[in-house]
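Please open the model in your viewer and keep the sequence beside it, so that each selection can be followed in both. The tour below goes from one selection to the next and says what is there.

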Amino acid sequence: MSTDTTKNTARNTGAAPRTTLLRALTAAGGLAGVLSTFLAWTWTDEFPGDLTVYGYPGGLQLLTLVLALATTLFALSALDIRGLRWLTPAGSTAALRAAALGTFAVTWFTVIAIAVDLDGLVNLEPGGYVAALATAAPVATAFLLPDDTRPICRPKELPSWAEILIIAGAFAVGLYVLNYGIQTDAEHPEPFLGYLIAVIFGAITLTKSGLITRISALTTTHRSTTLIAALVTAVAFPFFQDKASFTELGVNIAIFATVALGLNIVVGLSGLLDLGYVAFLGVGAYTAALVSGATASTIDVHLPFWAAMITGAAVSLVFGVVIGAPTLRLRGDYLAIVTLGFGEIFRLAVLNLDGTSGPSVTNGPNGIPNIPPLEIFGFNFADDHTFAGLTLDSNGNYYLLMLLVTIIVVLVFSRAGNSRIGRAWVAIREDETAATAMGINGFRVKLIAFALGATLAGFAGTVWAHFQTTVVPEQYVFTNTVPPNSTFLLAAVILGGMGTIGGPLLGATLLFLIPKKLEFLQDYQLLAFGIALILLMRFRPEGIIPNRRQQLEYHETGQLDVPDGTGLQNSAVGVTKAEA
């Protein structure tokens, strides 16, 4: 045996006990963090959440409890404890570091917030100091561990019923996490900020451990079950809300997500940069307001909702064709400038069609108020309705209607994206010159994408008008601190993941929920939003839920965390753009 081989063997032999000791210390630190949440962190209940009780975690202590428990379990999995090895299919060190950092960040944020809000460290009980020290220890030990990242192997095959239960459990956890964030105290920013920190580090932990890839593999295998679970979760959402404002937030998220999915056809599939897309939402909303019998409507027309919806979508389609036909021969920045101009022209037009500066159509800055509530087959959406002992308020009614609209838009997007025209869109996006040389009529293909995206936005705009009961020009601007606007719609598509279905839905949810909860920042809200965009584009340029092509483009080497056709992570290293 050579001298080098002997030295390496000795080094590895000595490193194994050290690694085991560090993992055991990390597990012990995580357990100490769990126990610290059962102590009182402050003596007064003036801080949001009840952190004054011994033996019962509350408020932000619950977030520390969950992350500390995750740290403990991942450390035990790294120690090859029987029954926990499945937690770390991609390795334990990276997941441990993320979980330990998340526990530390949430706990220290809480401790500092107590000191700042209550004017001094004197307001901390001994439990607060214990928690701060207990959550700092696993961070030190986790970062001393060697990296053990490995390719994800095919898991042991489970019975179908067990895999279905795992999928159902994943959706149930997702619904609980979303409800927790929505129902955080709106009067105090600390609970939501702590929740945001916990969710970010929790998502990183699950991704680094490989559990996200494993669950993605299961959803790919059981696609029908996944769709049913997603539908049941979405339908159950309004029944878990105890305030009308929470359900209202769900309706707005559904509308915003639907419009973002329509924009994804234009930007994600076709590669057309549209900076005035919110105008098509406005076209549908104004059309529905004019023909739905609103008292302020300037035309004496009262159509049933189904006819108003078709009319709004049709008018948006016409506007999409009229705007797209003369402009889609442009490319890149030039097209973006033209679409930006269209968005501003629409806003200025409805602002001036007030009977003074122009014809009396839209009532100018006053808009069209008093849009009557929807009524479909005698079902009035403004009234409360009871189903199986559960009561739905008006917001819940609109949420379920908007959920149906979202499903329709998802089906249209899926069918169009997988069709011949969808493949032509992708070819145009990747290289329009090459696609044209292969016989694709680039102008016609882009016009179809533009028109379809406009139609879907107008489709959602008709529901938006009835839900808001009024439409005004200020709702349809390029940028604002509150969505929907063209900037947020584009950000939802890019951050969520261009060309995917789940990406814009998740991106829209985050970009509507987070600004709503960060209203306390006031003038600094856009600053925080910009910083978040920079960080996400730096560390996740392909989006939160990317497709394979996007991830190959942005990551030339290393493992991909997008499941392949078999549901397993692509473990090939050194993938280049040319190979993609």
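## A pair of crossing helices

Begin with helices H11 and H16, whose crossing is right-handed. This is a predicted model, and every value in the tour should be read with that in mind. Select residues 305-327 for H11 and residues 442-468 for H16: their axes come within 7 Å and cross at roughly 145°.

Now show the side chains along the contact. On the H11 side the residues that meet H16 include Phe305, Ala308, Met309, Gly312 and Ala313, while the residues of H16 that take part include Phe443, Leu447, Phe450, Ala451 and Ala454. Sorted by class, the residues in the contact of H11 with H16 are 15 nonpolar and eight polar, with no charged residues.

Stay with Phe443 and add Arg329 to the selection. Arg329 lies over the face of the Phe443 ring, at 4.1 Å from the ring centre.

## From the crossing to Val405

Next select Val405, which has its place in helix H13. Which residues does Val405 touch, leaving aside those up to four places away in sequence? They are Thr258, Met309, Phe459 and Val463, and of these Met309 belongs to H11, whereas Phe459 and Val463 belong to H16, among the residues where those two helices meet. Val405 is buried, with a relative accessible area of 2%. Add Ala254 as well, and the C-alpha atoms of Val405 and Ala254 can be seen 8.9 Å apart, although their positions lie 151 residues apart along the chain.

## Aromatic pairs

Colour the aromatic rings next; the structure holds 13 aromatic pairs. One of them is formed by Phe237 and Tyr399, a tilted pair with 5.2 Å from centre to centre and 40° between the planes. Phe237 sits in the loop between helix H8 (223-236) and helix H9 (244-269), and Tyr399 sits in helix H13 (residues 394-417), so this pair ties together parts that are 162 residues apart in sequence. Phe237 counts as buried at 3% relative accessibility, and Tyr399 is buried too, with a relative accessible area of 8%.

Move on to Tyr286 and Phe346, whose ring centres are 6.2 Å apart and whose planes stand at 80°, so the pair is edge-to-face. Since Tyr286 is in helix H10 (residues 278-291) and Phe346 in helix H12 (residues 332-352), the pair ties together parts that are 60 residues apart in sequence. Both Tyr286 and Phe346 are buried.

To finish with the rings, select Tyr176, Tyr180, Phe192 and Tyr195 together, which ring pairs link into a cluster.

## Thr247 in helix H9

Return to helix H9 and pick out Thr247, which lies in it. Thr247 counts as buried at 3% relative accessibility. With residues up to four places away in sequence left out, Thr247 touches Pro238, Gln241, Asp393, Asn395 and Gly396.

## A mostly covered helix

Select residues 486-496, which form helix H17: how many of its 11 residues are buried? Nine of them are, and the helix is mostly covered. The buried residues of H17 include Phe488, Leu489, Leu490, Val493 and Leu495. Show the surroundings of H17 as well, where the elements that cover its buried residues include H9, H10, helix H18 (502-517) and helix H19 (525-539).

## Two asparagines in one loop

Most residues other than glycine have a negative phi. With that in mind, go to the loop between H12 and strand E1 (375-376), where Asn363 is found. Asn363 has a positive phi of about 65° although it is not a glycine, and at 21% relative accessibility it counts as partly exposed.

Asn370 is also found in the loop between H12 and E1. The phi of Asn370 is near 55°, again a positive value in a residue other than glycine. Is Asn370 buried or exposed? At 53% relative accessibility, Asn370 counts as exposed.

## Last stop

End the tour at Ala94, which is found in helix H3 (residues 93-117). Ala94 is partly exposed, with a relative accessible area of 25%. Add Asp148 to the selection: the C-alpha atoms of Ala94 and Asp148 are separated by 8.0 Å, while the two residues are 54 residues apart along the chain.

Terms used. Residues numbered from 1 in each chain as written. Predicted model: local features only at pLDDT ≥ 70, side-chain atom pairs only at ≥ 80, totals over all residues. Heavy atoms only, no water. Axes fitted to C-alpha atoms, helices over the stretch in contact; angles between N-to-C directions. Helix = DSSP H or I, 4+ residues; strand = E, 2+ residues; numbered from the N terminus. Left-handed = near helix turned anticlockwise from the far one by under 90°. Contact = heavy atoms within 4.5 Å. Nonpolar A, V, L, I, M, F, W, Y, C, P; charged D, E, K, R; others polar. Phe/Tyr/Trp six-rings, centres within 6.5 Å; stacked < 30°, edge-to-face > 60°. Buried < 20%, exposed > 50% of the residue type's maximum accessible area, 1.4 Å probe, protein only. Lys NZ or Arg CZ within 6 Å of the ring centre and 35° of its normal.
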